[in-house]
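Visitor: I have a structure to look at and some words I do not yet trust. Please show it to me, then let me ask how each word is earned.

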2 protein chains.
Amino acid sequence: MDPDAVPPEKQREVAEAVRKALAKHGYARLTTRKIAAESEKSEAGLYYYYDSKDAMIAAFLEVAADFLARELAAVDADDPEARLRAACDRLFVRRDDEELRGVNVAVMELLSHAPYNEELREPLRTLEANTLESLAGILREGIERGTFRDVDPVGTAAFLVAAGNGATGFHLALGMEEGGEPLREQVADYVDSLLADGDRDRD
Amino acid sequence: MDPDAVPPEKQREVAEAVRKALAKHGYARLTTRKIAAESEKSEAGLYYYYDSKDAMIAAFLEVAADFLARELAAVDADDPEARLRAACDRLFVRRDDEELRGVNVAVMELLSHAPYNEELREPLRTLEANTLESLAGILREGIERGTFRDVDPVGTAAFLVAAGNGATGFHLALGMEEGGEPLREQVADYVDSLLADGDRDRD
DNA sequence: GTCTATACAGTGATAGAC
DNA sequence: GTCTATCACTGTATAGAC
């Protein structure tokens with residue numbers, strides 16, 4: 001079936017099953033059987049809506065991207081500095097947040113496999129590009145208002161996204177505890193370094 | 001066979017075959033047949049030295065960790081700032097470096113799968129811990145000498161490692177071009193922000 | 001639409017010849 | 001030590017009943 005023809009309710013169901021299966025087994029060990037086990041449907045039932053396993057995963061990525069975009073957009077502070085800090089807070093996922101943790105690690109595994117899987121590459125790019133653009137937008141506004149120094153908004157946003165993704169691998173996937181609760185201090189420090197000179201207070 | 005009993009020459013051969021196979025197919029699609037195809041041996045030949053596919057991958061990780069550790073230690077500048085910049089240069093792999101690119105993306109994929117694979121977790125932790133300790137050592141020395149501000153060496157090193165890993169996923173695996181050649185400007189800027197106040201020059 | 005049953009290819013790993 | 005042949009199993013995807 002054409003992915004766009006799948007009823008939204010069914011897409012959400014499949015995406016949720018894929019999410020649970022990924023959190024339990026990881027992408028490299030993901031099978032259609034395991035997806036079905038997390039769903040109300042049988043394997044064949046899943047194939048009624050999706051033509052392949054990859055299509056099911058792509059459906060999950062689409063839902064995840066929407067979710068993340070909504071979360072980043074929901075920060076309603078007016079101050080660009082506060083908005084950037086809130087966005088970072090969301091990007092650097094806490095160890096105890098079971099659900100986000102599973103999703104973020106799964107996205108990292110899919111992302112690392114993107115060079116070998118054309119079908120998943122585009123949805124992953126979209127997800128990352130959304131996040132990047134959210135941060136870049138906040139930075140752009142802050143630069144205009146004089147809150148931030150005159151940095152490259154997109155490059156700086158990319159640096160933060162990369163650090164967030166890497167922290168997911170380092171702290172959540174590998175379980176490395178170095179640097180305490182995922183780099184919150186370092187991120188705060190980095191955001192400090194972006195502030196316009198007048199606004200900066202460092203001890 | 002006990003992994004420690006494998007002759008070093010044979011381990012290097014298998015590790016090299018695993019590296020090539022990973023670069024071509026990624027971890028999720030890695031098979032013992034594909035490893036054998038990149039080696040001079042047959043599948044059964046590989047099993048003479050290693051008891052399982054995971055053991056072959058662990059052998060690759062061990063070799064990769066040694067290689068990376070040697071490269072980071074080889075930076076022979078005396079100045080901590082120069083050493084940190086050289087280490088970052090190595091951590092943020094360039095798009096055109098085919099070989100390192102393959103290795104780094106492969107390590108990222110394995111790392112993201114670590115929660116689901118006990119056998120690979122420890123070698124991966126060792127690899128990352130080595131890198132972390134290299135950077136932390138440089139930072140510690142620089143702080144003592146007054147080159148760097150009094151930051152947390154391990155936390156700061158973790159932030160840099162995370163950013164480097166994330167950049168691998170973002171730029172090398174996904175092929176996102178945002179921020180130009182993998183974040184070199186942003187990294188340089190971040191290192192600037194670590195310099196002790198007296199040493200800093202910003203425009 | 002959803003199921004059970006199944007086709008058919010490929011998987012990790014082993015046996016046994018050389 | 002290294003090979004060819006092979007095993008038992010699991011993988012994705014489809015057929016056809018309901």
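**Around the DNA**

Guide: DNA strand D has 17 residues around it, and the closest are A:Thr32, A:Tyr47, A:Lys53, B:Ser42 and B:Tyr49. Sugar and phosphate make up 64% of the atoms of DNA strand D that come within 4 Å of the protein. This is a predicted model: local features need pLDDT of at least 70, side-chain atom pairs count only at pLDDT 80 or more, and totals for chains, interfaces and linings use all residues. Residues are numbered from 1 along each chain as its sequence is written, chains are lettered from A and ligands numbered from 1 in the order written, and side-chain values use heavy atoms, leaving out hydrogens and water.

Visitor: What makes a residue count as near DNA strand D?

Guide: One of its heavy atoms must lie within 4 Å of the strand. Helix 3 of chain B gives the most to that surface, with 4 residues.

Visitor: What makes the link between A:Thr32 and DNA strand D a polar contact?

Guide: A polar contact is a pair of N or O atoms within 3.5 Å; within protein, one must be able to donate a hydrogen and the other to accept it, and residues adjacent in sequence count only if both atoms are side-chain atoms. A side-chain N or O atom of A:Thr32 is 2.9 Å from a phosphate oxygen of DNA strand D, so the pair meets the limit. A:Lys53 uses a backbone N or O atom, 2.8 Å from a phosphate oxygen of the strand. B:Ser42 also uses a backbone N or O atom, at 2.7 Å.

**A buried loop residue**

Visitor: Why is B:Asn117 called buried?

Guide: Buried means under 20% relative accessible area, exposed over 50%, partly exposed in between (1.4 Å probe, protein chains only). B:Asn117 has 2% relative accessibility, so B:Asn117 is buried.

Visitor: Where is B:Asn117, and what does it touch?

Guide: B:Asn117 sits in the loop between helix 6 (98–113) and helix 7 (118–145) of chain B. Helices (H or I, at least four residues) are DSSP runs, numbered from the N terminus. Beyond residues up to four places away in sequence, B:Asn117 touches A:Arg29, B:Tyr27 and B:Asp54. Contact means heavy atoms within 4.5 Å.

**Helix 5 of chain A**

Visitor: How do you know that the span of helix 5 of chain A is close to the expected one?

Guide: The expected span is 1.5 Å times one less than the number of residues. Helix 5 has 12 residues and reaches 16 Å from first C-alpha to last, close to the 16 Å expected.

How values were computed
Helices (H or I, at least four residues) and strands (E, at least two) are DSSP runs, numbered from the N terminus.
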